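Below is a note on the helix packing and the ligand surroundings, set out as numbered points for a colleague who works with coordinates.

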Amino acid sequence: MSNYKRIASLKTADDFASYIETAGVKLQFDRELQHGTDSPLGRPYQLDGFKIGNRFCILPMEGWDGTEDGKPSELTTRRWRRFGESGAKLIWGGEAVAVRHDGRANPNQLMSSDDTTVDLENLRKVLIAAHEDRSLSSDDLLVGLQLTHSGRFARPNDKKRLEPRILYHHPILDRKFNISPDHACLTDPEIDDLIGDFVKAAARAEAAGFAFVDLKHCHGYLGHEFLSATTREGRYGGSFENRTRFLRELVAGVRRDAPGLMIGVRLSAFDFLPFKMGDDRRGVPEHHDGLYPHAFGSDVEDPLKVNLNETFQFFDLLDELKIKLVCISAGSPYYNPHIQRPALFLPSDAYDPPEDPLAGVARLIEGAGELKARYPQMCVVGSGYTYLQDWLPNVGQYYVRAGRVDFVGLGRMVLAYHDLPFDLINGSRLQTKRLCRTFSDCTTGPRNGLISGCYPLDPFYKEHPQAEQLKTLKQQLK
Ligand SMILES: Cc1cc2nc3c(=O)[nH]c(=O)nc-3n(C[C@H](O)[C@H](O)[C@H](O)COP(=O)(O)O)c2cc1C
């Protein structure tokens with residue numbers, strides 16, 4: 001349990017400003033909120049001639065609730081319906097969809113195959129219909145699909161058993177996740193095949209009517225692991241050019257076989273050393289001597305410090321590849337969740353926050369701001385806003401108004417208060433009782449084999465039979 005000040009206790013703009021100062025973080029916000037379609041958050045964005053109706057983006061959020069053959073369930077469909085009702089005009093991927101079975105993060109993750117294409121199309125249609133049911137036009141709604149292979153964190157057959165597909169032996173993560181030194185790494189020809197699977201999945205996404213695919217490069221999954229594969233030999237490791245060959249080949253394949261699709265990339269723009277629980281339960285970095293070249297976007301001499309030099313190179317490459325859509329995230333939920341999804345209460349299997357979660361939020365938002373300032377031609381979506389709770393709209397409005405981000409991405413907040421964008425743009429009072437307070441039950445649930453959802457605040461999950469199971473589990477884990 002941490003003793004950082006609760007955001008809900010910061011009632012006035014002066015309270016919030018003075019807390020930002022006390023916490024010593026760099027974060028800006030607007031004191032007055034504006035509403036309506038002319039407001040900074042309500043205004044459209046032009047992406048290559050396509051008008052995206054406002055500046056809210058729903059971030060990908062999986063629920064561990066698909067069928068074993070990779071199709072959506074009623075629960076998945078409910079989530080996508082709510083994404084549509086949210087009022088946000090950019091849907092970044094819906095949720096991670098594995099391009100093949102061995103790349104699933106859990107046996108209930110959605111999967112692309114010829115058998116699931118119609119079901120994924122249906123999810124998209126449900127989302128659009130729900131949007132229109134709120135009397136919102138879908139002409140300015142952009143919906144993409146996130147494609148992934150879970151790599152080191154694959155659990156395709158059993159929720160509790162990792163079946164890692166790795167690119168290289170990692171000095172810390174192998175030990176942390178019990179990967180033996182003789183565990184086989186994916187070979188270059190196997191990677192070539194996997195690229196083919198991504199391209200097939202993209203073609204199916206196009207057939208299912210999605211406007212873009214996200215070629216996921218974040219959170220420790222396979223796409224992200226390429227970026228830190230500095231010690232891998234062969235065509236896909238070592239130099240920056242080799243570590244980004246995966247992306248370049250994916251893009252070439254998608255452009256060839258699904259020419260109508262736009263391409264986006266969700267990127268962990270920086271990473272840190274993995275963390276573990278210290279004696280007092282607070283997170284501490286894992287021990288590492290010498291240079292650490294495995295945290296993309298951090299300093300090799302001090303891997304607890306952001307260094308965006310390679311991230312800039314990655315953006316140069318995106319620019320060369322004519323990819324404009326980029327969503328900024330950081331780190332990984334498996335080994336440093338506090339930099340990826342800042343929370344007052346981290347998931348049951350994690351440590352207590354090693355820093356004020358506001359510092360994590362500021363790092364993500366300012367990092368995205370730095371990238372946007374350097375690459376104004378890119379359409380930059382930010383993440384990590386949920387912890388801001390009551391002050392999320394004020395911070396979001398500032399960064400969009402100042403041109404330091406194009407879209408405010410919403411993750412956990414949408415599970416709790418899905419139509420916050422609708423309320424805000426329409427000038428309705430913020431429903432503070434529905435604001436996510438970052439209890440992390442949406443992550444603790446699935447880490448213990450349950451479905452994900454907002455158990456504390458969404459009445460549907462509050463009353464779900466698994467809510468009781470979760471309560472018991474949390475008692476046992478204390
Ligand atoms: C339950 C849960 C599921 C998530 N699933 C995905 C996913 O499928 N793909 C992805 O890129 N990020 C995923 N994320 C990360 C979120 O998209 C987002 O980056 C993170 O929650 C931080 O944003 P927030 O502060 O608005 O919650 C997930 C997060 C949570 C809590």
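How far from an oxygen atom of the ligand does a polar side-chain atom of T386 lie?

1. The distance from the polar side-chain atom of T386 to the ligand oxygen is 2.6 Å, where a polar contact is a pair of N or O atoms within 3.5 Å; within protein, one must be able to donate a hydrogen and the other to accept it, and residues adjacent in sequence count only if both atoms are side-chain atoms.

2. On provenance, this is a predicted model, in which local features need pLDDT of at least 70 and side-chain atom pairs count only at pLDDT 80 or more, while totals for chains, interfaces and linings use all residues. Residues are numbered from 1 along each chain as its sequence is written, and side-chain values use heavy atoms, with hydrogens and water left out.

3. Around the ligand there are 21 residues, of which Q146, R266, T386, G411 and R412 come nearest; a residue counts as near if one of its heavy atoms lies within 4 Å of the molecule or strand concerned. The backbone also takes part in polar contacts, with an N or O atom of P60 lying 2.8 Å from a ligand oxygen and a polar backbone atom of G384 lying 3.4 Å from an oxygen atom of the ligand.

4. Turning to the helices (DSSP runs of H or I, at least four residues, numbered from the N terminus), α5 (residues 188–207) and α8 (residues 245–257) have axes that come within 9 Å and cross at roughly 40 degrees. That angle makes α5 oblique to α8, since angles under 35 degrees count as roughly parallel, over 145 as roughly antiparallel, 65 to 115 as roughly perpendicular and the rest as oblique. Among the residues in contact (heavy atoms within 4.5 Å) are I191, L194 and F198 in α5 and F246, L250 and V254 in α8. By class, the residues of this α5 and α8 contact divide into 10 nonpolar, one polar and five charged.

5. For helix α2 (residues 74–85) and helix α3 (residues 117–133), the axes come within 7 Å and cross at roughly 40 degrees, so that α2 is oblique to α3. The residues that meet include W80, R81 and F83 in α2 and L123, R124 and L127 in α3. The contact of α2 with α3 has six nonpolar, four polar and three charged residues.

6. Helix α9 (residues 309–320) packs against helix α11 (residues 357–374) at an angle of about 45 degrees, their axes being 11 Å apart, and the two are therefore oblique to each other. T311, F312 and F315 of α9 make the contact with E370, L371 and R374 of α11, a set with three nonpolar, one polar and two charged residues.

Definitions and conventions. Axes fitted to C-alpha atoms, helices over the stretch in contact; angles between N-to-C directions. Nonpolar A, V, L, I, M, F, W, Y, C, P; charged D, E, K, R; others polar.
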